[in-house]
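Here is a short briefing for a first look. Keep the structure open while you read.

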Amino acid sequence: MSKQLTVYSVSAPGFLGLNTQDPSLEISNGFAGIALNCVIDKFGRVGARQGYENINTSDATLGANDITVIHELIEIDGTLTVLFFGNGKLFKLGLATAGAVAEYNIAEYGSNGSPLAEYTSGVAGLGTVVELTYGGGGTAPVFNAGNWQAASLNGIVYFFQINNDPIIYDPAVSTSTYRRVTEKSGYVGTVPNANVAISAYGRIWAANTITNNTTVSFSDLLSGHIWSTGTAGSLDVSRVWSNGADEIMGLAAHNGFLFIFGRRQILVYANATTPSTMTLADTISSVGCIARDTIQNTGKDVVFLSGSGLRSVLRTVQEKSAPLGDLSKNIRNDFLATIASESDTQLRSVYSEQNGFYLLACPSSEKVFCFDTKTTLEDGSYRVTIWDSIDPKSFCARRNGDLLIGKTGFVTKYTGYQDNASSYRMEYYTNNADLGKDGLTSIIKKIKVLVVGGSNQAVSVFWGYDFSSSYQSQTVSIPTQSVSEYGIAEYNIAQYAAGISLEELTAYGNGTGKIVQTGFEVDINGFPISFQKIEIQTKTGKLA
């Protein structure tokens with residue numbers, strides 16, 4: 001008599017994200033063992049991330065150089081201008097080239113009632129690269145690196161980088177040039193040649209120069225060029241650190257507070273909206289920030305990279321303490337090993353409200369850690385996946401929700417399901433599971449997976465036993481779909497319409513073992529794909 005099949009099901013597979021930290025057999029089957037080039041969609045399923053496409057034409061002056069900084073300026077009249085650095089030069093993104101398909105929609109209106117152009121999804125035209133030249137009265141500055149931090153105030157962008165003269169782009173003076181802050185009309189005081197700068201509470205805050213890494217300077221209200229009169233001033237924190245001497249690595253503002261991040265500790269100042277009344281409200285002596293460009297304000301939290309993982313400072317006006325949450329605890333060891341191989345000055349991050357995630361790019365390892373911010377797990381951590389084929393050099397989350405990615409020679413936009421017209425590989429593997437009973441082995445007979453989306457694509461189904469990396473596999477195909485299936489919904493995740501494609505794919509297994517792992521790999525080439533349900537049918541084998 002044939003043995004009865006045992007059915008093992010995983011609904012919404014991978015919805016808890018990666019877990020490489022806990023013992024494999026002790027974790028929920030909702031965790032993934034591998035989640036590569038994936039996101040967690042709004043329905044809680046693991047699915048393909050989006051791809052990217054170039055939004056500018058190639059440019060000889062920019063050349064094949066990395067775009068290390070992207071910043072969007074909202075001008076006084078509401079005009080949106082994208083600025084970026086590359087090849088030691090400052091550029092802005094111009095309008096689409098003549099004859100190209102229009103890439104703009106009328107999205108907003110300026111103060112004079114004129115329509116303003118904004119980039120839209122699926123653009124066909126490409127913007128031009130416009131070099132901004134030096135427009136000051138002296139010798140043009142020479143930039144010794146591209147590690148700028150940009151801050152906008154009152155329709156002007158201020159760029160800061162240690163051991164470089166701070167510069168500005170002021171479209172009210174010129175839309176084709178930049179100049180030093182010291183060359184702006186009405187300049188007063190001494191602007192710090194700082195490495196850290198933010199715009200908050202109506203002024204520019206700057207810190208960390210070659211000679212002083214413990215003082216925060218702040219400009220006059222609405223005047224980033226005035227540093228010694230009005231309400232401008234400075235705050236020396238050299239004697240405030242509670243856990244020994246430290247250096248300022250970054251700044252953040254949230255709910256009227258100013259967060260001063262040291263490398264090993266954090267200071268929290270209250271009443272930062274009026275610097276003359278600022279007071280030290282809290283100190284965090286055990287955790288600091290190790291990389292300036294990992295600090296992101298998510299609206300509810302301030303997220304940053306510490307020496308022990310990705311953290312958030314949770315804060316409300318009523319709280320008197322600053323509890324910390326380890327957002328990366330489920331991948332902690334692997335995450336820290338990757339971070340240890342990176343240069344702190346090369347790490348880049350972005351928070352995208354539209355997509356509901358925080359991205360941390362690690363250029364040396366060519367990995368992007370994608371932390372889903374839409375919800376937290378019961379342990380307070382974020383769900384996380386890893387991307388390995390985008391290799392960002394910089395990010396910018398635009399006002400209209402677009403996510404821009406700086407690459408070599410191009411500003412690109414996170415959109416579609418191809419990487420610059422090429423396919424990319426999505427991989428999802430379950431964690432290892434003991435499917436046997438009373439010490440018996442399991443024999444996989446069938447693996448069924450319910451796939452949402454895709455069209456005329458091959459899905460490779462893998463299975464392995466007893467923690468072996470030698471998998472067996474079978475390729476099954478998603479049929480060609482002829483209906484339009486997707487619309488754009490919250491978090492820029494595909495939402496499925498009446499013409500939804502739901503296909504149950506079946507692979508036939510073999511082999512035997514006590515511990516079972518399954519995996520699914522597919523080339524994403526123009527169609528989104530996510531996994532709705534996995535069903536593994538097994539028969540009982542011999543004693544393990």
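The notes below cover a cavity and then a single residue.

This is a predicted model. A search of the whole structure turns up four cavities of 30 Å³ or more. The second largest is described here, with a volume of about 70 Å³. After that comes Leu73, a residue in strand β6.

**The second largest cavity**

- Its lining includes Tyr8, Val10 and Asn29.
- Thr430, Asn431, Ala433 and Leu435 also line the second largest cavity.
- Val516, Gln517, Thr518 and Ile536 are on the list of lining residues as well.
- Two strands, β1 (6-11) and β44 (515-524), each give at least two residues to this lining.
- β44 provides the largest share, with three residues.
- Sorted by class, the lining holds six nonpolar and five polar residues.
- No charged residues line the second largest cavity.

**Leu73 and its surroundings**

- Strand β6 spans residues 67-74 and contains Leu73.
- Is Leu73 buried or exposed? Leu73 has 0% relative accessibility, so it counts as buried; the cut-off for buried is under 20%.
- Beyond its neighbours within four places in sequence, Leu73 is in contact with Thr79, Leu80 and Thr81, among others.
- Its contacts also include Ser152, Gly155, Ile156 and Val157.
- Tyr169 and Pro171 are in contact with Leu73 too.
- How many residues separate Leu73 and Ile156 in sequence? They are 83 residues apart in sequence, and their C-alpha atoms are 7.3 Å apart in space.

Definitions and conventions. Residues are numbered from 1 along each chain as its sequence is written. This is a predicted model: local features need pLDDT of at least 70, side-chain atom pairs count only at pLDDT 80 or more; totals for chains, interfaces and linings use all residues. Side-chain values use heavy atoms; hydrogens and water are left out. On a 1 Å grid over the protein atoms alone, a cavity is a set of points where a 1.4 Å probe fits but cannot get out, and a pocket is an open set with protein on both sides within 12 Å along at least five of seven lines; lining residues have an atom within 4 Å of a point. Grid points are joined across faces, edges and corners, and a volume is the space filled by probe spheres set on the points. Helices (H or I, at least four residues) and strands (E, at least two) are DSSP runs, numbered from the N terminus. Ala, Val, Leu, Ile, Met, Phe, Trp, Tyr, Cys and Pro count as nonpolar, Asp, Glu, Lys and Arg as charged, and the others, Gly among them, as polar. Buried means under 20% relative accessible area, exposed over 50%, partly exposed in between (1.4 Å probe, protein chains only). Contact means heavy atoms within 4.5 Å.
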